[in-house]
Amino acid sequence: MLLQSMNRSLRRAVICALGLALAAFAANALGVIRPLWPGLTVNAGSQGPQQAGPPLKTFPLFARNASTGKLRAYEANGTGGLKAAYELGGGFGEATALVQANVSEGGRAHDLYHRAGGTLYYTAEHGNDTKVIGGGWESYDTIVSVGNMGGSAEPDLIARDASGYLWLYQSKPDGTLEVRLRVGVGWGGMTLVGRGDYTGDGKADLLARFGDGTLNIYAGTGSATVDAVVATRYAVGGGWQAYKTLASAGDTDGDGKTDLIAADTAGALWLFKGTGNAAAPFAPRVQIGTSGWAAFDVLF
């Protein structure tokens with residue numbers, strides 16, 4: 001009973017931290033600086049401002065410090081680099097999965113899915129609470145946001161189970177998920193990344209780094225069909241084992257093409273600008289951070 005009580009307390013702490021951090025991030029993005037701790041109030045029942053326009057294609061890069069559990073947000077500066085970090089606070093160390101997805105407000109918000117224990121939760125950037133998506137998510141060793149791979153309006157989640165099966169979860173406007181759909185098998189041991197179109201065909205793709213350091217693009221079909229969510233594989237090249245973490249913040253440099261961000265083992269941060277050409281999907285890397293990035297165990 002004591003262990004169950006501690007687990008419940010831990011989940012509440014993580015949920016509280018996520019909700020407060022999102023509210024603080026939203027306030028900062030609007031130019032209103034509010035203190036994260038203490039005394040930040042989230043008004044129940046308020047859905048926040050509704051932003052007009054098409055879904056976002058450029059996203060802040062979120063980073064979790066491995067030792068402190070604190071979360072930071074780095075907004076793109078419009079030319080490929082990142083602005084100074086904005087601290088989102090602590091309490092994130094016990095989350096076993098953190099995923100950013102622009103589900104709410106017609107795709108214009110920075111929402112979070114997170115897993116605590118085996119339960120997946122969803123928090124909208126301007127929402128009034130954190131909702132439980134469901135249990136059983138401890139069966140997945142990887143959960144990533146990949147953009148809209150299934151052809152619906154909202155971005156989707158990809159999850160991999162311990163047997164190497166890959167599953168697609170399509171999001172609904174309220175952050176809940178459709179019944180999972182099988183992408184395929186044989187995906188064990190890969191590092192999975194994605195947040196847009198890398199092949200230039202207008203459909204969201206999936207990046208996979210193999211254990212030998214080779215990187216591949218699996219072109220999305222735009223169809224929520226069993227075993228047909230991805231199709232053609234394009235080889236990017238080898239040597240990607242040099243990078244501790246890979247992440248996509250969408251179109252970081254503002255040229256309309258999806259980019260890739262990588263932190264190397266020495267702590268430097270690199271931008272691989274997307275070309276939209278499947279045969280040569282990335283331009284030569286550009287350094288956008290000199291040091292300190294090795295301290296983060298999750299970039300998303």
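In what order do the four strands of the open sheet that includes β12 stand? Here are some notes to read alongside the structure, which is a predicted model.

1. The order is β12-β13-β14-β15, and these four strands make an open sheet with antiparallel pairing. Try tracing them one by one in the structure.

2. Now look at the edges of that sheet. β12 covers residues 191-196 and β15 covers 230-237; each has a single partner strand, so one side of each has no neighbour in the sheet. On average, neighbouring strands here are turned by 25° against each other, with direction ignored.

3. Next, follow β12 to its partner. Strand β13, residues 205-209, runs antiparallel to β12, and four bridges join the two. A handy place to start is Gly196, which stands opposite Asp205 in β13.

4. There is another sheet to find. β4-β5-β6-β7 is the order of four strands that form an open sheet, again with antiparallel pairing. Which strands stand at its edges? They are β4 (97-101) and β7 (130-134), and because each has a single partner strand, one side of each is left without a neighbour in the sheet. The average turn between neighbouring strands of this sheet is 25°, direction ignored.

5. Finally, how many bridges pair β4 with strand β5? Five bridges do so, in the antiparallel sense, and β5 spans residues 111-116. To see the pairing up close, find Gln100 and look across to Leu112 in β5, which stands opposite.

Note on methods: Residues are numbered from 1 along each chain as its sequence is written. This is a predicted model: local features need pLDDT of at least 70, side-chain atom pairs count only at pLDDT 80 or more; totals for chains, interfaces and linings use all residues. Side-chain values use heavy atoms; hydrogens and water are left out. Two strands pair if DSSP finds at least two bridges between them. Axes are lines fitted to C-alpha atoms, for helices over the stretch in contact, and angles run from 0 to 180 degrees between N-to-C directions.
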